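Welcome to the tour. Please open your viewer, have the selection tool ready, and we will go from stop to stop together.

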Amino acid sequence: MPFSKWLTKRKTAHRQKRKRAKGVGNAAPSWGIIALFILPAFLLYTVFMIWPLAQSFYFSLFEFKGLARGAFVGLRNFRELFTRYPLNEQLPRAFLHNVYFFIGTMLIQNTLGLLFAKLLYAPRWGKRFFQTVYTLPYLISALVVGYLWSLMLNPLFGPINRALKMVGLTALARPWLGDPATALPSIILANAWQWIGFPMLLFAAGLANIGEDLREAARIDGATSWKLFWHIELPLLLPVVGIVTVLTFIGNFNVFGIVWAMGGVNGEPGGATDVLGLVFYRTAFRGGVDAFGLASALAVLMFAFIFGVSMFMVGQFRRWEESLK
Amino acid sequence: MNARKVSRPKRLNLAALGTQVLLWGYAAVVLGPLLLVVNNALRPTREIFKNPIGLATSPTFASFVKAWEKANFHVYFFNSLGITVAAVVLATAVSALAGYILGRYRFRGSIFLSAYFLAGLMLPFRLAIVPLFLLLNDLGLVDSRLGLILVYAATGIPFSVFILSSFFRQLPQELSEAARIDGAGEFTIFGRIMLPLVRPALATVVVFQFVPLWNDFFFPLVLLRSTDKWTLPVGMTRFFGEFQTDWSTLFAGLIITTLPLIVIFLLATKQIIAGLTAGIGK
């Protein structure tokens, strides 16, 4: 076969193939087939997730008597949340504790996570080992982490106090979870112990995305490693900082299991560790006869707050990134 | 001038030393408590109270037997296992179907559907518990393992559809064409050709659903009443009240609850890290 003929043949074959690719490959199957593929997931997700979420808004406007929905009461449930004792005292206090939780986690967990990501970025012996170890507690149930640390911090038989006494720091040994001053910080630390691998991995992925040529250029210009980090890497990590901040915020305002394990359903001692998640649970399932209406109203407020602040944060970070470009 | 030249490598060494101290120090902070749990589960409570940080000199598994049999862990364990596995299988199956169509084809409403599924990743789902409780109550699914499985499967869908559709999207077009010319239908193409090719993504999705469901405390706390249906986390709350003074058994209980996750972690470290960093990186 002459070469030119072979070439035209190949070209037409290729063209036909591309035509097919456009014609057949991208054409969607019939609506019936699409429905068969999509509907199972769509129904399950809609019925058990989206529909109940949407209903929360509607239910918050009704009076409940046990499980039965009664009359439309407008915003009365919302007013009750802030006027009825003891909710009117517990709610602002729990909210404040969530704010502390968020600030404490940002300062300790996420700063350390960034530090470890940076230290482990350079090729070094044991990189995988350290990353694996630091991420390990993430797997453990929040409840188990809470119980584990409440045993560790036990005033009588806890290893922490025993170790402090052994090295002569008897003055520091205290009932960590029994003292209102140290109870919440202890829980924040235990929570950070569990989650630190998460920001570390996200920051590590972010650092790996920064081009090596940028670092090289900075080094040639005589930047120290601190300057390199502060002026090149950190600004470029800003999108990841944004993601970590928003996810930390959402996580911390939903915190539940670890606080239950370390402070009980009432956030002991004396409400010093009470958080919104516990207040919400108590309102819904340990409340009075009209509990479901009140809990729906609280759900709407928490949803609006968490969603609103998250969106605001996303917008702020985007603006910040723009201004740095 | 000379002095600076000499001091520089020294400072570098100090920094390297500091890094090592930090890394190993924090590794000890993580591993210390975990090793202590194992150590204390292997020795009697009497010894733990005498010396909280002493070594288990003559290890015994008595506490594990006690937690498993007397503290009802054999019931909780298999409830957790059954519910978690069923929910993960269900969610992965329906998500693979939906993810396939959303990843491979554009049709009217496909972009909206993708966004609709994605939205679930950001919604604080626990806040919907009141309507969900009423819905399950109407369906006769309160205090039912099936009810919990359906709820759990629903929570797994957003992440799974997101990951799987992006993997299906990357597969070459030629594969499905060839099969279609041979007369294969959409389901055959999906099951025989496409699904086997996204196995790594399926692994990520399975592992990533398994961990939070196994660990979840809130939904079984609210939705399950009878103790013979309880999962490990809810069982744990009763266990910690009942065995308050029996620390050795408490430690053993913590280990039993966590063991399956440790096994998964050792088998699938890569998938876990891939899931945690999904959306970031190359």
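**First stop: where the chains meet.** Keep in mind that you are looking at a predicted model. Select the contact between the two chains: chain B brings 73 residues to it, and chain A brings 66 residues. Now keep just the side of chain B that touches chain A and colour it by residue class. You should find 54 nonpolar residues there, together with 13 polar and six charged ones. For the model as a whole, the scores are ipTM 0.86 and pTM 0.87.

**Second stop: the domains of chain B.** Stay with chain B and select residues 2-50, which are assigned to domain 1. Give another colour to residues 72-242, the stretch assigned to domain 2. How far apart do the C-alpha centres of these two domains of chain B lie? The distance between the centres of domain 1 and domain 2 is 39 Å.

**Third stop: helices H4 and H7.** Next, select residues 73-104 of chain B, which form helix H4, and residues 145-170, which form helix H7. Their axes come within 6 Å and cross at roughly 35 degrees. Turn the view to look across the pair, and you will see H4(B) pass H7(B) in a right-handed crossing. Show the side chains where they touch: the contact of H4(B) with H7(B) has 19 nonpolar, 10 polar and three charged residues.

**Fourth stop: helices H8 and H9.** Move along chain B to helix H8, residues 173-181, and helix H9, residues 186-197. Here the axes come within 10 Å, with a crossing angle of roughly 135 degrees. That angle is why H8(B) counts as oblique to H9(B). The crossing of H8(B) past H9(B) is right-handed. To see who meets whom, pick B:Leu175, B:Ser176, B:Ala179 and B:Arg180 on H8(B); facing them from H9(B) are B:Ile189, B:Ile193 and B:Met194. By class, this contact has five nonpolar residues, one polar and one charged.

**Last stop: colour by confidence.** Switch the colouring to pLDDT. Chain B has a mean of 88, with 93% of its residues at 70 or more. Chain A also has a mean of 88, and 92% of its residues reach 70 or more. Then select residues 1-7 of chain B, where pLDDT stays under 50 and the model has zero contacts beyond four places in sequence. In chain A, go to residues 17-25: pLDDT stays under 50 there too, and the model has nine contacts beyond four places in sequence for this stretch. Where pLDDT is low, predicted coordinates should not be read in detail.

Note on methods. Residues are numbered from 1 along each chain as its sequence is written. Chains are lettered from A and ligands numbered from 1 in the order in which they are written. This is a predicted model: local features need pLDDT of at least 70, side-chain atom pairs count only at pLDDT 80 or more; totals for chains, interfaces and linings use all residues. Two residues are in contact if their C-beta atoms, placed from the backbone, lie within 7 Å. Ala, Val, Leu, Ile, Met, Phe, Trp, Tyr, Cys and Pro count as nonpolar, Asp, Glu, Lys and Arg as charged, and the others, Gly among them, as polar. Domain bounds come from an automatic or database domain assignment. Axes are lines fitted to C-alpha atoms, for helices over the stretch in contact, and angles run from 0 to 180 degrees between N-to-C directions. Helices (H or I, at least four residues) and strands (E, at least two) are DSSP runs, numbered from the N terminus. Angles under 35 degrees count as roughly parallel, over 145 as roughly antiparallel, 65 to 115 as roughly perpendicular and the rest as oblique. A crossing is left-handed if the near helix is turned anticlockwise from the far one by less than a right angle, and right-handed if clockwise. pLDDT is the predictor's confidence in each residue, from 0 to 100.
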